[in-house]
Amino acid sequence: MSKPLLNSRALSQLTLAVISALYSQNLLAAPTQSDYGGVGLMQMPTARMSPEGEFAFNVNYVDPYIRGAIAVTPVPWFEGVIRYTAVENRLYSPYPGYSGDQSYKDKGFDAKFRLWEESYYVPELAVGFRDIGGTGLFSSEYFTASKRWGDFDFTLGMGWGYLANGSSTKNPFCAVKEGACNRPGWTPSDSDRGGKVGFENFFRGEYVGLFGGVEYQTPIEGLSLKLEYDSNNYQNEALNNQFTQSLPINVGAVYAWGDYVNLNLGYERGNTLMAGITIRTNFQTVPNQIKLDAPPEAIEQATNENSEYIPDELAVALSDSAGLDASQIVVSEQSVTVTGQQSKYRDRKDADDRIARVLHNRLPESVNEFTVIETNESIPLYQTSLDRKAFLLEANNQLEPGENTEFVNSGPVTEQKLQGEVSTTDIEPTPYNVSLYPGLTQSFGSPETFYFYAISLHLAGEYQLSDKLKLDGIASWTVASNYDKFNYTVDDTTGAIPRSRTYIREYLTASDVGISNLQLTYFDNYGKNLYAQYYGGYLEFMYGGVGGEVLYRPFNSSVALGVDLNRVKQREFDRKFGFRDYEVTTGHAALYWQSPWYNINTQLSAGQYLSGDRGFTVDLSREFDNGTIAGIFFTKTNVSAKDYGEGSFNKGFYIKIPFDMMLTRSSTKYAAFNWTPLTRDGGQKLIRKYSLYDITKPKGKNSVSTHFE
């Protein structure tokens, strides 16, 4: 009997490989978003995950709900969603004078975990949690399975909570766990529940809902159709709403308009239209903009004519062609050492190639080793040695087929052993710098209005008083703001905790022009791995004082340790030079860890915050291949949820996008977007201008080419 050409395991692997290849070639559409945000059918979730690095913003309307959501897939097996739901037929507050005619807003967080990846015989399996925090008006948990068959993607699932409304199928956990049938509901009146995770309700309730559906990829490019059985009968909606459901079937269509926009249209409950839009991108795969930088210098033939180099000319060439702002050049008979700061190229491989070309074209043949000591704020970080001969072999394509050479080695800064006559040149940089840029202060979901904003124009200047001493200043002009509506009015003497941040209305409305920052900062290092900064002045727009930070960070290490300590006083509301009475000592000890998985970075800090409360902050972020950083954080302190107010504890989400991903010129700078749900006083940190961990980022694990362990 002959053996089959492929056994079941091999066939399964081949099937997955084909599916992956089809996705990569866009022959199969990427999974689409549900009404709630996150991959799904319409109302119902699926087991599918977006490609790793996916970022999607979508808005959907199905009467009376308007849902806006951000969905991120930081790793292949996890999807997170932050969502706001506007209930258009209910007011935010029963007191019109406070919230006006603003509709009720509910914020929620979803999480979905892939349990099993699809194979030839086994479907994709996932477990998910919808609206797991806060009031939990739409909270539910589910298990779901999805299986692709040609152009059809079938889903079958079982849900608890909101997904089981109207179901008569008994919860199987009721037979095995006492109390599993009891699922107490949360309401907006439970003010101390805002922001809390309802672990005690997971997979509880008398009934479970069974749901299913299919998504069909039509022959029309970019068009897919959806059909689902809805397990919710809409008779037990949040805020005492009830809707007529003519049919438990929802149908819809999704059209991919180009690579970044999906348009959604559907008919739900058998009687209600749905419409929405999704804007998506992928932080892992989206390419940077085509760069219009000047090309690297062409390699010239070394002759005796360039035996006498001109230091100032070399420094200009290094800055213009390689982005290296040199502060010192030391040349000996066989080597050159350049000390400076990289201000243009995030890709150090590109920078090393450009530096080597500039040095080769201007130094005599006898100089066979190039050493670059990279600094930031005059702090030496690491050194890179470039072998001139190995570089020329690679640059001139003189290697044999299959042969490769490493001309770059990076490691800790060491004392240079120089032979023969030594020439040292200190390059005097321009001591001052002035820039003009926009700024945005914002928060979401307050009772007064959904979105608070203040758009500013910042005039920033800095003056380098010495190698390690710098004077910084930022003058700000508030161009447009609606923070005059911020109506937090707890009295200083009766509030549960000092008002460290909720005076934001006063700070942004007392004067349109003010000083956001004016400080002296001294940077220093002690040996190869210990760094420090000391600062004093008007440290941010609400606080002034003095402080310092110390960081221990070995080269190419995944771990760093830091401590900061500050004594600060609250500034006057006009953001000029005066101070109010409130002052506090604040500071934190921090542990930084670059995990070996998916470029996930963890920061755990503990200490005292601006309101005198004590606790800890957890910050998790993922850095993608193109340099984009997406992260979340939360802070828990000894302030109770009741005293903290709506939201229970401080938390947020942020994205940092490299300038050169959006621009046609290389840059080492980032644009930052921060999401915080509310402005409250608990768990608030001082906004320090400089972070030693960020300054020393090039020393991090795998940041540069190295043969050192």
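1. A good place to start is how the chain contacts itself: of the contacts in the protein chain between residues at least 6 apart in sequence, 58% link residues at least 24 apart. Please keep in mind that this is a predicted model.

2. On the overall make-up, the protein chain has 32 strands along with nine helices. Buried residues account for 51% of its 709 residues. The accessible surface of the protein chain is about 33800 Å², and carbon and sulfur atoms hold 57% of that area.

3. Next, the strands around β1, which covers residues 54-62. Strand β1 pairs with β13 (residues 272-282) in the antiparallel sense, over nine bridges. Within β13, N282 is the bridge partner of E54.

4. Strand β1 also runs antiparallel to β2 (residues 65-75), to which eight bridges join it. Here F55 stands opposite V72 in β2. The connection from β1 to β2 is a hairpin through two residues.

5. You may also like to look at the cysteines. The structure holds one disulfide, formed by C174 and C181, with their sulfur atoms 1.8 Å apart. The link of C174 and C181 is right-handed, with 135 degrees about the S-S bond.

6. Are these two cysteines buried or exposed? Buried would require a relative accessible area under 20%. C174 has a relative accessible area of 23%, so it is classed as partly exposed. C181 is likewise partly exposed, because its relative accessible area is 36%.

Technical notes:
Residues are numbered from 1 along each chain as its sequence is written. This is a predicted model: local features need pLDDT of at least 70, side-chain atom pairs count only at pLDDT 80 or more; totals for chains, interfaces and linings use all residues. Side-chain values use heavy atoms; hydrogens and water are left out. Helices (H or I, at least four residues) and strands (E, at least two) are DSSP runs, numbered from the N terminus. Buried means under 20% relative accessible area, exposed over 50%, partly exposed in between (1.4 Å probe, protein chains only). Contact means heavy atoms within 4.5 Å. Accessible areas come from the Shrake-Rupley method with a 1.4 Å probe; for residues, only the protein chains shown count as cover. A disulfide is a pair of cysteine sulfur atoms within 2.5 Å. Two strands pair if DSSP finds at least two bridges between them.
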